[in-house]
Amino acid sequence: MAACVEIGGGGHSMDKSITLPPDEIFRNLENAKRFAIDIGGSLTKLAYFSTVQHKVAKVRSFDHTGKETEDEPLYEVSVQEEITARLHFIKFENAYIETCLDFVKDHLVNTETKVIKATGGGAHKFKDLLEKKLKLKVDKEDEMTCLIKGCNFVLRNIPHEAFVYVKHAEPEFRFQTTHPDIFPYLLVSIGSGVSIVKVESEDKFERIGGSSIGGGTFWGLGALLTKTKRFDELLQLASRGQHTNVDMLVKDIYGGAYESLGLTGDLIASSFGKSATADKEFSKEDMAKSLLHMISNDIGQLACLYAKLHNLSRVYFGGFFIRGHPVTMHTITYSINFFTKGEVQALFLRHEGYLGSIGAFLKGAEEDNPNQYSWGENYAGSSGLMSISPDMFPMQRTRSGTFDMLEMDRLERELVNLPLLLDSSSYIPDTVDLTEDALAREYWLSCFEEALDGVVKRAVASQPDLQDARERAEKFRHKYRHKLQTLRHQPCAYGSLTVRSLLDTREHCLNEFNFPDPYSQIKQRENDLALRYFQKVVSSMEMLSWEDRQFALVKGLLAGNMFDWGAKAVSDVLETDPTFGFDEAKRQLQERPWLVDSYSKWIERLKGPPHKCALFFIDNSGIDIILGVFPLVRELLCRGTEVVLASNSGPALNDVTYNELQILTEKIAAMDSVIHSGITKDRLILVQSGSSSPCLDLSRLDKGLATVVNERHTDLVVIEGMGRAIHTNYYAVLRCESLKLAVIKNSWLAERLGGKIYSVVFKYEQPRE
């Protein structure tokens, strides 16, 4: 239940009221284990670690040692409670600090911590208040050390963390692929002054320069010039100003460009230069804009000089002067582009406001070594990239008002790059960036919104014995619809908007309301059914000639990929026509030549020597894995190729999970000697991808998978399905042969690609010479 608290006094000129819903702001406080806080001049960032209890779907094989009945299911599915680790970061105005600390104190239940790590300029000012309210000892940490640790953490764990800002572009935020090796880089922290830090490794950094002319200078001089005391108001004035009314330009001195020196006429020759000679009053807006340009240009030139001196190409900007304000990001970007002639980009961070609190938390958690794990942003509990000022972009604010949140879940597996990527630093998983494609963005946002009723229905049906299932499903509907609405107004809220991020956000919201695997019963039923036909399909393949068999195997794999409950056109058929099966799916496939057709090239390759090892990223349960994938796996094994089957670590739609794959493989091995031999001779290996998504990011895969790929000298990668081979990885370039195949089960997408629904993509690629 929301706690409504009146805030007054304390030196504030007017009373404020704030509603703190514990299910939305300070979540899981009852299980909080460790705290850290970063208190700046106007904002407080609170961090804490909690354990989260939620439901997970578990599969367990039945004991089939006794006589089996035909109706006995292959395995049982149960929903169990599991405890996972989560990091929470909340950002709010200092005006609310006392009320928030009271709220935290009242909701602490199981904490054993005695200390709160603190950093920032306000750590000393609020020390007594913190100790009094929370009954915790304040342990102050070095501000710069915390900042660097926090920056390293977000760059390592959030793929779309860094962006460049391009004013008036669509989109204005251009997110960058984070290089696997994040070091070295330059961090320019613009607070009251400026600190320039060279970061060479996790624990090695050096302040190599700085300036006393920073955010405090802009605020102070701005207040003197405009009589405006609030920083955000000063920026608003600047955004409406015209600096050329105050600044003296090159053309004001020379009548035009100074061509011999390469200076354009519109270049600022002297900041505030006109104010010395003009006999008139200047507007507050124009003076604020001139001041902003003067300070930004000075900082930009300083940063460029240090970047060149130390041969650094990655320069990140942060600090309260930036705080996501478009006008400051634009002026910094312009300055960097000018002084480096475009050779260095000004990079900003989605979560730069949290860096100090993240670093302070990491300092307090060193005994647990949090950096040994991989972490992932929980979209369900994070508010995304928002303006710091509620009145500047009111449509971008969450209903929580003045609070921004970031949640990071600890992942069970350490994630690394696929070693077979040709260039991991330039790899972009997603085929289409919806932030750049307005037509596609509108289609997919509407598509996911229209699919909500079906997802809610499926979630409720997956838990028939739980009375609160419908209530939780409606909460899921509300939260996911709210996320979609947010993304309509601010497509860049969680980085680049893609079909993958929309799918992942939906999965996060389902998990948030304890629907870990809505398709578990469908998968169980379809796996049972498909297993009955496996031997018949294999026998029919063996009767064919070699060339006919290769085509039949590919066609079977494509037909199997039709059984995708994530595609509305297919799920509608599967819901209404229970007789729709493997043979009918084959008849629905596009005839050759396919939309993308490298089949002839593939056949010629198969006439050559066998591959050493094939890595196969599999897709759906049921007919897809059993009647589509396993016959092809069997053929590869017979050719002398080792096979690594990579499946999702956790559930997503009707995709097969690692635990399900283990049971299915055991069952198939019991009825097929080739698969049995592959398992017993360690030539068929099952691995988990580390993903719980219908799509595939080859830069965030399970470390164990990467190890197997290297050890087995993998020279072929097979990626199947729309999510993994079309929405992602269509343009992925590998250093080995690859096969990307899928059936397009969406009419709009098929038409956009120049085909019709059920068009086939069969893309065989060889490594570049």
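## A charge over a ring

A charge is said to sit over a ring if NZ of Lys or CZ of Arg is within 6 Å of the ring centre and within 35 degrees of the ring normal. In this predicted model, the charged end of arginine 410 meets that rule over the ring of tyrosine 373, 4.3 Å from its centre. Lysine 91 does likewise with tyrosine 354, where the distance from the ring centre is 4.9 Å.

A few ground rules will help you follow along. Residues are numbered from 1 along each chain as its sequence is written, and side-chain values use heavy atoms, leaving out hydrogens and water. Because the model is predicted, local features need pLDDT of at least 70 and side-chain atom pairs count only at pLDDT 80 or more, while totals for chains, interfaces and linings use all residues.

## The sheet with β18

Let us turn to the strands. Helices (H or I, at least four residues) and strands (E, at least two) are DSSP runs, numbered from the N terminus, and two strands pair if DSSP finds at least two bridges between them. One open sheet has 7 strands in the order β7-β6-β3-β4-β5-β18-β17, with mixed pairing. Its edge strands, β7 (137–140) and β17 (375–377), each pair on one side only. On average, neighbouring strands here are turned by 30° against each other, direction ignored; axes are lines fitted to C-alpha atoms, for helices over the stretch in contact, and angles run from 0 to 180 degrees between N-to-C directions.

Inside this sheet, β4 (residues 43–61) and β5 (residues 75–93) are antiparallel and share 19 bridges. Threonine 44 stands opposite phenylalanine 92 of β5. Strand β5 also joins β18 through 6 bridges, again antiparallel, and isoleucine 90 has methionine 405 in β18 as its bridge partner. How many residues of β18 are buried? The count is 6 of the 7, so β18 is largely enclosed by the rest of the structure. Here, buried means under 20% relative accessible area, exposed over 50%, and partly exposed in between (1.4 Å probe, protein chains only).

Helix α10 (residues 355–364) lies across β3 (32–39), β4, β5, β6 (115–119) and β18 (404–410), and runs at about 135° to β3.

## A second sheet

Another open sheet of 7 strands follows the order β9-β8-β16-β15-β10-β11-β12, and its pairing is mixed. At the edges stand β9 (173–175) and β12 (205–211), each with a single partner strand, so one side of each has no neighbour in the sheet. From one strand to the next, the twist averages 35°. Strand β11 (residues 194–199) and β12 are antiparallel, joined over 6 bridges, and isoleucine 196 stands opposite glycine 209 in β12.

## Aromatic pairs

The structure holds 33 aromatic pairs. Rings of Phe, Tyr and Trp (its six-membered ring) pair if their centres lie within 6.5 Å; planes under 30 degrees apart count as stacked, over 60 as edge-to-face and the rest as tilted. Phenylalanine 153 and tryptophan 375 form a tilted pair, 6.2 Å centre to centre with 55° between the planes. Why does this pair tie together parts that are 222 residues apart in sequence? Phenylalanine 153 lies in helix α4 (residues 143–157), whereas tryptophan 375 lies in β17. Both are buried: phenylalanine 153 has a relative accessible area of 1%, and tryptophan 375 has 2%.

The rings of phenylalanine 163 and phenylalanine 348 have centres 6.0 Å apart and planes at 40°, so this pair is tilted. Both residues belong to one aromatic cluster with Tyr165, Phe173, Phe175 and Phe317.

Terms used: Contact = heavy atoms within 4.5 Å.
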